[in-house]
Amino acid sequence: QRKVARKLYDSVLNLPIVCPCIKLDTWLLPDKDPDGRDPCELLIFSDEYIVRRLHSQGINLEKNNPVNNQEKNSLHRKIWQAFVDKSFILRGMPADIWLSEILYSVFNIKEKLAPKNAQRIYDMLSESLKQPEFRSLKLLERFNIESLGILDSPTNPSINLNNLGSGGRIIPCFNSDILFSLNSPEWCYHINQLAETCQVQISDYRSFLHAIQKQRLLFKSLGAATIAQSIYAGETAPCLDRDLDLIIMRAFRQQATFEDAQMFSNRLLLDMASLSTEDNLIMQLRMINPGVAHTGNCSSGLSTSSFAELFKSSGLKSLLDLFGQDNRITLVLFPDEMVFNEGLKTLADYYPSVKIGTPGWFFNGLSSIQTYFDSCIENIGLYKSTGLNNMCSSFLSIPAQHDIWRRSSANWLAKLV
């Protein structure tokens, strides 16, 4: 088995990396490429796994707000030292493998990171980041990243035709969640921004949808291939067209109810799918539990509902009733943190338009990848899965993440021979 796994791994080792969706790191944009970058920002702040582990040790990074570069440098060095002092808490986690691989393969640092050498390694990292070969576009080439889809605002995209300069390597991913959060305090601001960007006067649901359609076409012209969207749970009644305009009007007056938001988001989900049958943007859908729905924060919280409850009470059922058999659209379903693959693989096994995405967040270690293969592939087959879709915002860890995925895939496949 080991020889077969090695042969399979070698066959994909040098293939280019494709990342359809990753959280925005502004330093990746060519016009935001500074002369020198901060190791603390790139290796700690951009990695949710490390940030959460530090928080679990009583180190709250959100309270730190330096007023100048000197204070920032001093503060970040203290945070770096505190992190290294506690770095043992990462043992056994994927983030530990990623960090070790970054230091060794990206920065050519051979010595093991330890409290005694933390500041010296910080200096080495800072000096390396000032070099031309550590510019973002150079790293894209070095990492053999063919395409990097950055989650971008649908109302005011950071990536535009004037600042790409990446040979098509950096592309936007249409992140539509803010458009769905009807009773969020920021919703009116985002819609006004959308109207200004699209040059569309948004006064009702029809004009709102027209503005979205224009933005989707803009994103596609910039190379976008996917839409990232959360599916919210909550009992809803059918939403008629005349009700949508009334809901929009209440939202503009900041009087929308939670029920309005549920009805609105489930209807908008169907219309977004309808638009995908026209512009062919792949819909990446993640199911969110009721406790975090419509708060504007779709990345936190714990799931309390079973898959069956989420399926029946969310827009997913209506979506699949209308588009599950439609070959013009691809729906990639991602499990929530606590809702794993049992229900999703049943859907992928039945509906032609459905594929299953890999579980993200804290389910991307070696054992979790093996569990994903064992629980899904024998039911849905290899061609109903999507491969790795890394959502972690740590750009420097992308090669390590994909290497773990490729090794795990080769090892699992070798067992079938």
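The exercises below, each with a worked solution, concern a predicted model of a single chain.

**Exercise 1. Overall description**

Task: State how many helices and strands the chain has, and what percentage of its residues count as buried.

Solution.
- Step 1. The secondary structure consists of 17 helices and seven strands.
- Step 2. The chain has 417 residues, and 53% of them count as buried.
- Step 3. The accessible surface comes to about 19,700 Å², with 52% of that area belonging to carbon and sulfur atoms.
- Step 4. Among contacts with a separation of 6 or more, 76% are between residues 24 or more positions apart.

**Exercise 2. Confidence**

Task: Find the mean pLDDT of the chain, and decide how residues 290–305 should be treated.

Solution.
- Step 1. The mean pLDDT is 82, and 81% of the residues reach 70 or more.
- Step 2. Over residues 290–305, pLDDT stays under 50.
- Step 3. The model has 38 contacts beyond four places in sequence for residues 290–305.
- Step 4. Where pLDDT is low, predicted coordinates should not be read in detail.

**Exercise 3. The largest nonpolar core**

Task: Identify the residues that touch the most other members of the largest nonpolar core, and list the contacts of F264.

Solution.
- Step 1. This core has 108 residues, and W80, F208 and F264 touch the most other members.
- Step 2. Helix α12 (residues 258–279) supplies the largest share of the core, nine residues.
- Step 3. With neighbours within four places in sequence left aside, F264 is in contact with L179, F180, L182, W187, Y205, F208, L244, I247 and I248.
- Step 4. Compare the lists: F208 is among the contacts of F264, and F208 is also one of the three residues named in Step 1.
- Step 5. As background, nonpolar side chains tend to be buried together in soluble globular proteins.

**Exercise 4. Helices α10 and α12**

Task: Determine which salt bridge links helix α10 to helix α12, and which residues L209 is in contact with.

Solution.
- Step 1. D279 and R216 form a salt bridge, with their closest N and O atoms 2.7 Å apart.
- Step 2. D279 is in helix α12 and R216 is in helix α10 (residues 205–221); the two are 63 residues apart, so the pair links distant parts of the chain.
- Step 3. Both D279 and R216 are buried.
- Step 4. L209 is also placed in helix α10.
- Step 5. Beyond four places in sequence, L209 is in contact with L268, D271 and L275.
- Step 6. The C-alpha atoms of L209 and M272 are 8.7 Å apart, and the two residues are 63 residues apart in sequence.

**Exercise 5. Further salt bridges**

Task: For the pairs D326 with R328 and R407 with D403, give the N to O distance.

Solution.
- Step 1. The whole structure has 10 salt bridges.
- Step 2. In the D326 and R328 pair, the closest N and O atoms are 2.8 Å apart.
- Step 3. D326 counts as buried because its relative accessibility is 14%, and the cut-off for buried is under 20%.
- Step 4. The side chains of R407 and D403 meet at 2.8 Å, N to O.
- Step 5. Both residues of the R407 and D403 pair lie in helix α17, four residues apart, about one turn of the helix.
- Step 6. R407 has a relative accessible area of 40% and is therefore partly exposed; D403, at 22%, counts as partly exposed.

**Exercise 6. Buried or exposed?**

Task: Classify I145, S128 and Y383 by relative accessible area.

Solution.
- Step 1. I145 is in strand β2 (residues 145–152). I145 has a relative accessible area of 0%, so I145 is buried.
- Step 2. Beyond four places in sequence, I145 is in contact with I17, L140, R169, F395 and I398. I145 and I170 are 25 residues apart in sequence and 9.3 Å apart, C-alpha to C-alpha.
- Step 3. S128 is in helix α6 (residues 118–129). The value for S128 is 19%, and the cut-off is under 20%, so S128 is buried.
- Step 4. The contacts of S128 beyond four places in sequence are F107 and F134.
- Step 5. Y383 lies in the loop between α16 (366–380) and α17 (398–414). Y383 counts as exposed because its relative accessibility is 76%, and exposed requires over 50%.
- Step 6. Y383 joins L382, L413 and L416 in a nonpolar surface patch of about 450 Å².

Key:
Residues are numbered from 1 along each chain as its sequence is written. This is a predicted model: local features need pLDDT of at least 70, side-chain atom pairs count only at pLDDT 80 or more; totals for chains, interfaces and linings use all residues. Side-chain values use heavy atoms; hydrogens and water are left out. A nonpolar core is a set of buried Ala, Val, Leu, Ile, Met, Phe, Trp, Tyr and Cys residues joined through side-chain atoms within 4.5 Å. Buried means under 20% relative accessible area, exposed over 50%, partly exposed in between (1.4 Å probe, protein chains only). Contact means heavy atoms within 4.5 Å. Accessible areas come from the Shrake-Rupley method with a 1.4 Å probe; for residues, only the protein chains shown count as cover. Patches are made of residues with over 30% relative accessible area and no salt bridge: like charges are joined within 9 Å, nonpolar side chains (Val, Leu, Ile, Met, Phe, Trp, Tyr) within 5 Å. A salt bridge is a side-chain nitrogen of Lys or Arg within 4 Å of a carboxyl oxygen of Asp or Glu. pLDDT is the predictor's confidence in each residue, from 0 to 100.
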